[in-house]
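Good morning, and thank you for making time for this item. I would ask everyone to look at the sequence and the structure on the screen while I speak.

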There are 2 protein chains.
Amino acid sequence: LWPVQQGERSDEEEEDVAGGKPIYMVSDGTGWTAEHSVNAALGQFEHCLVDRGCPVNTHLFSGVDEEERLMEIIKQAAKEGALLLYTLADPSMAECAKHACQLWGVPFTDILGPTTEAIATHIGVSPSGIPRGAPGRNLPLTKDYFKRIEAVEFTIKQDDGAQPKNLKMADIVLVGVSRTGKTPLSIYLSQKGYKVANVPIVMGVALPQTLFEIDQYKIFALTINPVILQTIRRARAKSLGFDGQTRSNYSEMDHVREELGFAGRIFAQNPVWPVIEVTGKAIEETAAVVVRIYHDRKQKCSMPRISKRY
Amino acid sequence: LWPVQQGERSDEEEEDVAGGKPIYMVSDGTGWTAEHSVNAALGQFEHCLVDRGCPVNTHLFSGVDEEERLMEIIKQAAKEGALLLYTLADPSMAECAKHACQLWGVPFTDILGPTTEAIATHIGVSPSGIPRGAPGRNLPLTKDYFKRIEAVEFTIKQDDGAQPKNLKMADIVLVGVSRTGKTPLSIYLSQKGYKVANVPIVMGVALPQTLFEIDQYKIFALTINPVILQTIRRARAKSLGFDGQTRSNYSEMDHVREELGFAGRIFAQNPVWPVIEVTGKAIEETAAVVVRIYHDRKQKCSMPRISKRY
Ligand SMILES: Nc1ncnc2c1ncn2[C@@H]1O[C@H](COP(=O)(O)O)[C@@H](O)[C@H]1O
Ligand SMILES: Nc1ncnc2c1ncn2[C@@H]1O[C@H](COP(=O)(O)O)[C@@H](O)[C@H]1O
Ligand SMILES: [Mg+2]
Ligand SMILES: [Mg+2]
């Protein structure tokens, strides 16, 4: 299912900020690291967020690379009674943030500083102190750069029924019935550099022969609870404007169960395909499982892990 | 250009880990937060990483929800002389990690703990201590969930020349010549919940009339340095297997300059479109600029920011 990194975007909600506890996030870069970390941390307070009477409003300020702007933001944080969370590469900016927060009584935490310092000590090299967007810093056009774009473009083209010849070229092939999240999962994985193809399973329709001729270790089967699937399909049918007559089968419980049964029998005949339960999982959670299995299988490492070199 | 969160995936490199300083990342969840933070932090050491003789190898261990497995990993970290960076929601697991690291002399940092604690103090609520993957925790199928999937699906369908009628339905419309990164940028933004359409600019070809009929505030123009564009197009032509004859125009410097000039004149005629320079920027950096402008324009807020409610 979809990454509910909670509340990535909700325009309606954007307007209604009454009563929420404000959290300011400030970065000299994109702010995505701060946002990602705060999303994860807020997962620890699900029991009390907006639905439970204790809403939180986050406010992201990205590209903050001047002291003056930083000071303005912190002053405003003081006025609104906000918590300030920041990622600032330039040590003098980070110092500024700290001092201003102390001066104006704004609670604060440096999100990335401790990690950067731990790495600095570990490798015995000082951090550059240069923010990612600093003038003159240019992204190198590495092999990795092109490979990643290719993975996204490949994956988009394969969406919803790859051409058989392209199954061979994929790193990962997802199979599952409609609305098991193959598309968003494929896209998520492609952004991590994997070429993904997906093959829908449709009641009574044979899978393409090529699927059985490629490396079976790259095939991943997705499964889901029938009740949840029905809910998702109903929402889907509604958003596509089906009138309850057209394709009514699609979200009928009997049909849903039958189709999942059909898929289950195919999976049983291909026991080498890992069957991944997506019910109740965010896309990025399913992605983590796929990537973990993918690397475990490729690796003859004593202890399964996903390794990279920088 | 593409998100070079460095080294997301490189199979070749995965094998050659000789001499690199090891960093272990451990999460009871997906591990993406740790990975994202470490990617950002490693940006501070670009001057000394693999190309400069001081390689770092990261090793991600996700879904670590048992003490026993945690201990094994830390023992292995001690053997390899690794730094351990972790995100563990369960306080007893986090304590375990700390004690084991101290016992076995493994340097460590809790990546998310300080942020979670700062939020807890700020909102006056204790963290649940329950990891995201814990049994029984199920992702709710929120409006947001469906909206996000729709955004991705919409965006995939619009790639490379939206149907005119769909331009109206998009939240964001990107225009630019081939290889300015419209596709990966669209996909990146769609995952944040924006419906994105993109309209290619091709030398001598008129843009669709609908583009000028929709809300002009949602249109963003992309531009790029001609030399860099030529490099990218050459790589592209090569990877598509063009033989240097076919479509040779495409990456000829004269043609590249002319096409950028053509685009530039269109942009000048539409001064309300922000022109975003993508040269040397990672996809997520361009995305940050687009999202920032998008929200600044929608918002009548005293201080530009991107706000969300949780
Ligand atoms: N490639 C990079 N080079 C240098 N600093 C970076 C890089 N990526 C991220 N950072 C820094 O890490 C922090 C978080 O980045 P961001 O996620 O863009 O907000 C900011 O302080 C950035 O300046
Ligand atoms: N929705 C959530 N609910 C509870 N904990 C979460 C949630 N999302 C992330 N976390 C926690 O935040 C940390 C980082 O998550 P991850 O990025 O999945 O590794 C882990 O300790 C997770 O258990
Ligand atoms: Mg940040
Ligand atoms: Mg993590």
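B:Arg137 counts as partly exposed, its relative accessibility being 24%. Please keep in mind that this is a predicted model. The partner of B:Arg137 in a salt bridge is A:Glu46, and their closest N and O atoms are 2.5 Å apart. This pair crosses between chains: A:Glu46 sits in the loop between α2 (32–42) and β2 (56–61) of chain A, and B:Arg137 in the loop between α5 (113–123) and α6 (143–158) of chain B. A:Glu46 is partly exposed as well, with a relative accessible area of 38%. In general terms, side chains of opposite charge can pair when their charged atoms come close.

B:Arg137 also takes us to ligand 2. An N or O atom in the side chain of B:Arg137 is 3.0 Å from a nitrogen atom of this ligand. How much of the area that ligand 2 exposes when taken alone does the protein bury? The ligand by itself exposes 480 Å², and 95% of that is buried by the protein. Ligand 2 lies between chains A and B, and chain A supplies polar atoms of its own. A polar backbone atom of A:Gly43 is 3.2 Å from a nitrogen atom of the ligand. For A:Gln44, an N or O atom in the side chain is 3.1 Å from a nitrogen atom of ligand 2.

Turning to the shell around ligand 2, there are 20 residues, of which B:Ser27, B:Asp28, B:Thr30, B:Gly31 and B:Thr33 come nearest. By class, this shell divides into seven nonpolar, nine polar and four charged residues.

Now to ligand 1. Why do we describe its site as shared between chains? The site is shared because the residues that surround ligand 1 come from chains A and B. The shell again holds 20 residues, and those that come nearest are A:Ser27, A:Asp28, A:Thr30, A:Gly31 and A:Thr33. Seven of the shell residues are nonpolar, nine are polar and four are charged.

Three polar approaches to ligand 1 deserve a mention. The side chain of A:Thr33 has an N or O atom 2.5 Å from an oxygen atom of the ligand. From A:Thr87, a polar backbone atom is 3.4 Å from an oxygen atom of ligand 1. A:Arg137 contributes a polar side-chain atom, which lies 2.9 Å from a nitrogen atom of the ligand. Taken alone, ligand 1 exposes 480 Å², of which the protein buries 95%.

A:Thr33 belongs to an element that I would like to consider next. Helix α2 of chain A has A:Thr33 among its buried residues, together with A:Trp32, A:Ala34, A:Glu35, A:His36, A:Ser37, A:Val38, A:Asn39, A:Ala41 and A:Leu42. With 10 of its 11 residues buried, α2(A) is therefore largely enclosed by the rest of the structure. One of these buried residues, A:Glu35, is linked with B:Lys192 and B:Lys308 in a network of salt bridges.

In chain B, B:Glu35 forms a salt bridge with A:Lys308, at 2.5 Å from N to O. Here too the pair crosses between chains, from helix α2 (residues 32–42) of chain B to strand β9 (residues 306–309) of chain A. Are these two partners buried or exposed? Both B:Glu35 and A:Lys308 are buried.

Over all chains, the structure holds 20 salt bridges. A further one joins the side chains of A:Arg233 and A:Glu259, with 2.7 Å between N and O. This pair links distant parts of the chain, 26 residues apart: A:Arg233 lies in helix α10 (residues 226–239) of chain A, and A:Glu259 in helix α11 (residues 253–269) of chain A. A:Arg233 and A:Glu259 are both buried.

My last residue is A:Val173. It is placed in strand β5 (residues 172–177) of chain A. A:Val173 counts as buried because its relative accessible area is 0%. Which residues is A:Val173 in contact with, leaving aside its neighbours within four places in sequence? They are A:Leu167, A:Ala197, A:Val199, A:Leu211, A:Ile214, A:Lys218, A:Ile219 and A:Phe220. As for A:Glu72, 101 residues from A:Val173 along the chain, the C-alpha atoms of the two are separated by 50 Å.

To close, I return to the start: B:Arg137 forms a salt bridge with A:Glu46, and a side-chain N or O atom of B:Arg137 is 3.0 Å from a nitrogen atom of ligand 2. Thank you for your attention.

Terms used
Residues are numbered from 1 along each chain as its sequence is written. Chains are lettered from A and ligands numbered from 1 in the order in which they are written. This is a predicted model: local features need pLDDT of at least 70, side-chain atom pairs count only at pLDDT 80 or more; totals for chains, interfaces and linings use all residues. Side-chain values use heavy atoms; hydrogens and water are left out. A residue is near a molecule or strand if one of its heavy atoms lies within 4 Å of it. A polar contact is a pair of N or O atoms within 3.5 Å; within protein, one must be able to donate a hydrogen and the other to accept it, and residues adjacent in sequence count only if both atoms are side-chain atoms. Accessible areas come from the Shrake-Rupley method with a 1.4 Å probe; for residues, only the protein chains shown count as cover. Ala, Val, Leu, Ile, Met, Phe, Trp, Tyr, Cys and Pro count as nonpolar, Asp, Glu, Lys and Arg as charged, and the others, Gly among them, as polar. A salt bridge is a side-chain nitrogen of Lys or Arg within 4 Å of a carboxyl oxygen of Asp or Glu. Helices (H or I, at least four residues) and strands (E, at least two) are DSSP runs, numbered from the N terminus. Buried means under 20% relative accessible area, exposed over 50%, partly exposed in between (1.4 Å probe, protein chains only). Contact means heavy atoms within 4.5 Å.
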